[in-house]
Amino acid sequence: MGKWVFGVFAAIKWFRLSWMRLTGKSEADLHVERVVYGRAWSDFCDRLKSAGAALVYPGAPVDAFQQAEGIRYLTRLTRAALEAYIEYGDTAFPELRRMVHETVKLGADNPDNFYQNAQISGSYEYRITGKRNSIDYIGFFTQNGVYGQPGGMAPCGVIESKDLIVEADGSFEIILSKSRKGTNWLKIEDATSLLIVRQTFLDRQNEVPAALKIENLNGKKVPDPLTAEKIDRGLETAALFIAGAPFLFAKWANGFKKHSNRLPQFSPEVSNAAGGDASIIYYHSYWTLQEDEALVIKFMAPDCDTWNFQLNNYWMESLDYRYFPVCINKHTAVAEEDGSIKIIVSKINPGVLNWIDTCNHTEGTMCLRWYRLRNGAQPVEPECSVTKIAYLL
């Protein structure tokens, strides 16, 4: 079904180009006509409607609770896409914003992360300035391509905490350009479209995220007036994101059911194409439990910077970490006497350490991460088993 959606978008583009060749009109002329005669808006609405097909993707849950979550998920993506590609879509004047946060969730978003994104272009050079502050980890990533589009999000440049040169007062500067420039250099290419900043808490209560600002180095002080082309292209990109991303993650969730209640390693190639962090080893999977059952996850963590585990719903949205214990990491977990970790996932709290709340769900997706393995350590697949909650009391 995802191929069908992309096929429709490709067909629309083909007809547009054919029409231009027949009429001798330019791309700019076509955008003006589409905006003036309402075609840009009506096409966006038609494509927005097609996003609903993700709700009936093979294997999707059909009960009212999870379908309601699915509809809320699409509204969240719509809000995020319009903000990203219309309000803040001018790559000449980018702004670092939290596109994914407590009420916009996507692709097993990490509750330990403070995400920031900015729409950028390989046509410009940029400068990021900021204060490092105390958050445990910060990483800057440039990506080529568009979420949900064939080819996905290809990694381009990266600077992580260990490579970032910071002044004595905690300030730093990063130059984004095609050739190496400045003390800290972040690579971009012609196809670069997105800057992602991942800041990861170990102790969310006490760490302070970095304060960041991005500016275009082309010297212009104010944006150009809005054009028909900008609004038409912005709506088209937003629609592609809203329709494409849910298909991608519905396909993932359905595939995870093949190894329900286990946590095998996820393909790094597939993860990277979706904008994942190449320095993290992911274990995505599916979980399903009866109300009187618990999933027990045991492991001896390999030597790594940190690790975390989180629970998501079917749509790969992290569960509500503002109010419920749905995520645990190297700092918050309590280890067994031998140093191993045991995590308990269940609807009812059996009164044990390292409990993860299913938040009234009986199924969904889950994710374990090893961050930056050290000293030649190898990835470890956790031991998983399902037991009756009564046996844990």
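Asp190 counts as exposed, at 64% relative accessibility. It forms a salt bridge with Lys178, with the closest N and O atoms 2.5 Å apart. The model is predicted. The chain has six helices and 16 strands. Buried residues make up 52% of its 393 residues. The topics below run from salt bridges to rings, cores, one helix and overall dimensions.

**Salt bridges**

- The count comes to 24 salt bridges.
- The bridge between Asp190 and Lys178 links distant parts of the chain, twelve residues apart.
- Asp190 sits in the loop between strand 6 (185–187) and strand 7 (192–200). Lys178 sits in the loop between strand 5 and strand 6.
- Lys178 counts as partly exposed, at 43% relative accessibility. Asp190 is exposed because its 64% lies over the 50% cut-off.
- Lys187 pairs with Glu189 in another salt bridge, where the closest N and O atoms are 3.2 Å apart.
- Lys187 is partly exposed at 32% relative accessibility. Glu189 is also partly exposed, with a relative accessible area of 30%.
- Glu229 and Arg233 meet through their side chains in a salt bridge of 2.9 Å, N to O.
- Both Glu229 and Arg233 belong to helix 5, and they are four residues apart, about one turn of the helix.
- Why does that spacing suit a side-chain contact along a helix? An α-helix has 3.6 residues a turn, so residues three or four places apart point the same way.- Glu229 counts as partly exposed at 31% relative accessibility. Arg233 is partly exposed as well, with a relative accessible area of 36%.
- A network of salt bridges links Glu160, Asp303, Asp305, Arg372 and Arg374.

**Aromatic pairs**

- The structure holds 16 aromatic pairs.
- Tyr124 and Tyr126 form one of them: the ring centres are 6.2 Å apart and the planes stand at 70°, so the pair is edge-to-face.
- Tyr124 is partly exposed, with a relative accessible area of 25%. Tyr126 is buried, and its relative accessible area is 0%.
- Phe140 and Phe172 have ring centres 6.0 Å apart and planes at 70°, so this pair is edge-to-face.
- Phe140 lies in strand 3 (residues 137–144) and Phe172 in strand 5 (residues 171–177), so the pair ties together parts that are 32 residues apart in sequence.
- Phe140 and Phe172 are both buried.
- Tyr73, Tyr286, Tyr314 and Trp315 are linked by ring pairs into a cluster.

**Charges over rings**

- Arg198 lies over the face of Phe141, 4.8 Å from the ring centre.
- Arg372 places its charged end over the ring of Tyr137, 3.9 Å from the centre. Arg372 is also part of the salt-bridge network with Glu160, Asp303, Asp305 and Arg374.

**Nonpolar cores**

- The largest nonpolar core has 43 residues.
- Tyr73, Leu106, Phe241, Trp252 and Tyr314 have the most contacts inside this core. Tyr73 and Tyr314 also belong to the ring cluster with Tyr286 and Trp315.
- At least two residues of the largest core come from each of helix 3 (39–50), helix 4 (64–87), helix 5 (228–256), strand 9 (280–288) and strand 15 (363–373).
- Helix 5 supplies the largest share, 13 residues.
- A second, separate core has 26 residues, including Tyr283, Val326, Ile328 and Leu368.

**Helix 2**

- Which residues of helix 2 (residues 27–36) are buried? They are Leu30, His31 and Arg34.
- These buried residues cover an arc of only 100° around the axis, which puts them on the same side of helix 2.
- Gly38, just after helix 2, takes a positive phi of about 80°.

**Overall dimensions**

- The chain has a radius of gyration of 22 Å. A compact globule of 393 residues would have a value near 21 Å, so the two agree.
- The C-alpha atoms fill a box of roughly 75 × 55 × 35 Å, taken along the principal axes.

How values were computed. Residues are numbered from 1 along each chain as its sequence is written. Side-chain values use heavy atoms; hydrogens and water are left out. Rings of Phe, Tyr and Trp (its six-membered ring) pair if their centres lie within 6.5 Å; planes under 30 degrees apart count as stacked, over 60 as edge-to-face and the rest as tilted. Buried means under 20% relative accessible area, exposed over 50%, partly exposed in between (1.4 Å probe, protein chains only). A charge sits over a ring if NZ of Lys or CZ of Arg is within 6 Å of the ring centre and within 35 degrees of the ring normal. A nonpolar core is a set of buried Ala, Val, Leu, Ile, Met, Phe, Trp, Tyr and Cys residues joined through side-chain atoms within 4.5 Å. A salt bridge is a side-chain nitrogen of Lys or Arg within 4 Å of a carboxyl oxygen of Asp or Glu. The arc is that of the directions from the helix axis to the C-beta atoms. The radius of gyration is taken over C-alpha atoms; the globule rule is 2.2 Å times the number of residues to the power 0.38.
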